[in-house]
Amino acid sequence: MNANAQLTQQQLQVASEIEIEMMQDLYTRMTNSCHKKCIPPKYHENDLTKGESVCIDRCVAKYFEIHDRVGKKLTALSTQQAQSQMAEAQAAATQS
Amino acid sequence: MEIDNLKGLRDFIITYNQIADECFNYCVYNFNNRNLSNDEELCLHNCTKRFVSSQTRLSRGFADYQMNKLNQANQVPK
């Protein structure tokens, strides 16, 4: 019983480390993408223009919206794949 | 065993971030609105499906390559 509880705790720790690493990766990618899209490489001024600021706000919103939708589509696709694999396995079993 | 599952989860989430990034970079270039347009949604749907299909096909090719290598390694001593 103790061994099981320790394993769960270790699992939790590894899972939370993975989550932190993925959040960092997400943040880095998001900042790189939105910087590329919204801020032209013209360095005459040192402040952001209003347009650039608004672009960045909308870019962040869209990025996370896309991130969420891709997650939902991926789970839908993987359940679809799992279901079709199970159907194939069942068909093979009934044939033999 | 469960740690292996978590490693698989890690690989999956890395791929997930990659898909979201690539599809965002390709599909979204208009920031007049805060919401996604229909074109952007369609592009996103296609992008995700194609990415996943290509990954599946690539991993199958990789698995075949590994099988061939394994068979070659087993045959050499004889």
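D25(A), R29(A) and D21(B) are linked in a network of salt bridges. That is where I want to start. One caution before the details: this is a predicted model. The predictor gives the complex an ipTM of 0.81 and a pTM of 0.82. Chain B averages a pLDDT of 90, and 94% of its residues score at least 70.

Back to the network. Take the pair inside chain A. The side chains of D25(A) and R29(A) form a salt bridge, 3.2 Å from N to O. Both residues sit in helix 1 of chain A. They are four residues apart, about one turn of the helix. D25(A) has a relative accessible area of 22%, so it is partly exposed. R29(A) is also at 22%, and it too is partly exposed.

Now the pair across the chains. R29(A) meets D21(B) in a salt bridge at 3.5 Å, N to O. R29(A) belongs to helix 1 of chain A and D21(B) to helix 1 of chain B, so this pair joins two chains. Is D21(B) buried or exposed? D21(B) is buried, because its relative accessible area is 11% and the cut-off for buried is under 20%.

D21(B) has another partner to mention. S33(A) is in contact with D21(B), once its neighbours within four places in sequence are left aside. The other contacts of S33(A) on that basis are Y63(A), F24(B) and N25(B). S33(A) is located in helix 1 of chain A, residues 2-38. Its relative accessible area is 3%, so S33(A) counts as buried.

Next, another salt bridge. The side chains of E21(A) and R10(B) meet at 2.4 Å, N to O. This pair also crosses between chains, from helix 1 of chain A to helix 1 of chain B. How accessible is each end? E21(A) has 32% relative accessibility, so it is partly exposed. R10(B) has 28%, and it is partly exposed as well.

One more to put on the list. R69(A) and E41(B) form a salt bridge through their side chains, with 2.9 Å from N to O.

What are the totals? Over all chains, the structure holds six salt bridges. Across the interface of chain B and chain A, the rule finds four. The interface also has 16 residue pairs in polar contact, with both residues at pLDDT 80 or more.

Which elements supply the chain B side? Helix 1 (2-27) and helix 2 (38-75) of chain B are the elements that give two or more residues to the side touching chain A. Helix 1 of chain B gives the most, with 15 residues. By type, the chain B side divides into 15 nonpolar, ten polar and seven charged residues.

Now the interface as a whole. The contact takes 32 residues from chain A and 32 residues from chain B. Interface size is often given as the accessible area lost when the parts come together. Here the area buried between chain B and chain A is about 3200 Å². Carbon and sulfur atoms give 68% of that area.

To recap, from the whole back to the residues. The interface buries about 3200 Å². Four salt bridges run across it. Among them is R29(A) to D21(B), and R29(A) also pairs with D25(A). S33(A), buried at 3%, is in contact with D21(B).

Key. Residues numbered from 1 in each chain as written. Chains lettered and ligands numbered in written order. Heavy atoms only, no water. Buried < 20%, exposed > 50% of the residue type's maximum accessible area, 1.4 Å probe, protein only. Contact = heavy atoms within 4.5 Å. Buried area = accessible area lost by both parts, 1.4 Å probe. Polar contact = N/O pair within 3.5 Å; in protein donor to acceptor, adjacent residues only side chain to side chain. Nonpolar A, V, L, I, M, F, W, Y, C, P; charged D, E, K, R; others polar. pLDDT = per-residue confidence, 0-100.
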